[in-house]
Amino acid sequence: MRPMSRSTAPIPRRAFLGGLTAAAAALALPARVRALGDASRLAIGQVQHGGSWNARPTALRRLGWELSRRTSIETTNAPVPVRLDGDGLHRHPMLYLSGAGALPPLRDSERAGLRRHLQYGGFLLVDSADGSDGGGFDAAIRRELAQVLPSAPLQPLARDHVLHKSFYLVDRQGGRVLVKPWLEAQALDGRLAVVYSQNDLGGAWARTELGDWEYPCTPGGEPQRETAIRIGVNVAMYALCTDYKDDAVHLPFILRRRS
């Protein structure tokens with residue numbers, strides 16, 4: 001299967017993602033000006049579904065902490081549970097859907113809600129907590145994504161795609177496990193609408209209240225965990241800004257951010 005390469009044209013953000021506009025604009029403002037309350041903070045929407053939708057309860061809170069510490073993105077203290085067919089989905093430019101084990105079929109209304117959200121500029125990160133390949137969560141989510149966006153099949157994401165350099169330069173994969181050495185994605189008009197990891201990113205992010213990592217990362221240990229965190233940062237940056245760094249002029253800035 002041919003890898004999905006990077007896009008070259010800027011992608012306009014849809015007007016209905018009002019929260020996105022505030023969050024993206026905040027990146028360019030000094031900290032004192034950005035202190036505008038929760039309306040200017042990134043609130044990741046965690047998708048509730050009929051399966052094990054919260055297998056890594058501390059993962060997104062930790063990712064939010066890392067985003068606040070490493071970037072100019074200000075986040076809410078915790079993710080917001082959302083239903084795909086519920087009200088307010090448009091308030092979350094970044095959605096996160098995870099699971100361990102088989103995922104019951106989504107309702108038609110849920111598929112329609114997610115499709116509409118993605119077509120209007122929303123973004124979804126899918127994360128397999130069980131590290132499955134061909135069964136379990138992996139088989140179920142492939143079935144669902146194929147029905148949500150039938151004209152945009154999942155494809156491996158090319159190494160030179162802008163997502164791999166939206167904040168950090170990332171040339172390998174991370175997660176609790178390493179099932180696949182690449183991410184997969186579904187694109188709409190050249191813009192990534194869905195990114196899928198089989199490597200349990202959340203398992204690498206998860207940390208206890210005492211500060212201990214909840215799961216070891218195999219086979220690569222702590223460097224593999226750090227890569228998972230960097231991928232999470234890049235994904236969030238892409239979800240907010242799409243192709244704003246898809247230009248060589250940004251390369252010195254990115255190189256300074258590598259360390």
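## A tour from Gln 48 to the H3–H7 crossing

Select Gln 48 to begin: with a relative accessible area of 18%, this residue counts as buried, because the cut-off for burial is under 20%. The model on display is a predicted one.

Colour the secondary structure around this residue. Gln 48 sits in a loop that runs between strand S1 (45–47) and helix H3 (59–70). Next, show the side chain of Arg 83, which is joined to that of Gln 48 by a polar contact of 3.3 Å. To display the wider surroundings, add Trp 53, Pro 81, Val 82 and Glu 110; together with Arg 83, these are the residues that Gln 48 touches when those up to four places away in sequence are not counted.

From the loop, proceed to helix H3 and select helix H7 (residues 221–241) alongside. The two axes come within 10 Å and cross at roughly 75°, which means that H3 is roughly perpendicular to H7. On the H3 side, display Leu 63, Glu 66, Leu 67 and Arg 70. On the H7 side, the contact is made by Glu 226, Ile 229, Arg 230, Gly 232, Val 233 and Ala 236. Colouring this contact by residue class gives 5 nonpolar, 1 polar and 4 charged residues.

Finally, select two cysteines. Cys 217 has a relative accessibility of 6% and counts as buried. Cys 241 also counts as buried, at 15% relative accessibility. How many disulfides does the structure hold? There are 0 disulfides in the structure.

Definitions and conventions. Residues numbered from 1 in each chain as written. Predicted model: local features only at pLDDT ≥ 70, side-chain atom pairs only at ≥ 80, totals over all residues. Heavy atoms only, no water. Disulfide = S-S within 2.5 Å. Buried < 20%, exposed > 50% of the residue type's maximum accessible area, 1.4 Å probe, protein only. Helix = DSSP H or I, 4+ residues; strand = E, 2+ residues; numbered from the N terminus. Polar contact = N/O pair within 3.5 Å; in protein donor to acceptor, adjacent residues only side chain to side chain. Contact = heavy atoms within 4.5 Å. Axes fitted to C-alpha atoms, helices over the stretch in contact; angles between N-to-C directions. Parallel < 35°, antiparallel > 145°, perpendicular 65-115°, else oblique. Nonpolar A, V, L, I, M, F, W, Y, C, P; charged D, E, K, R; others polar.
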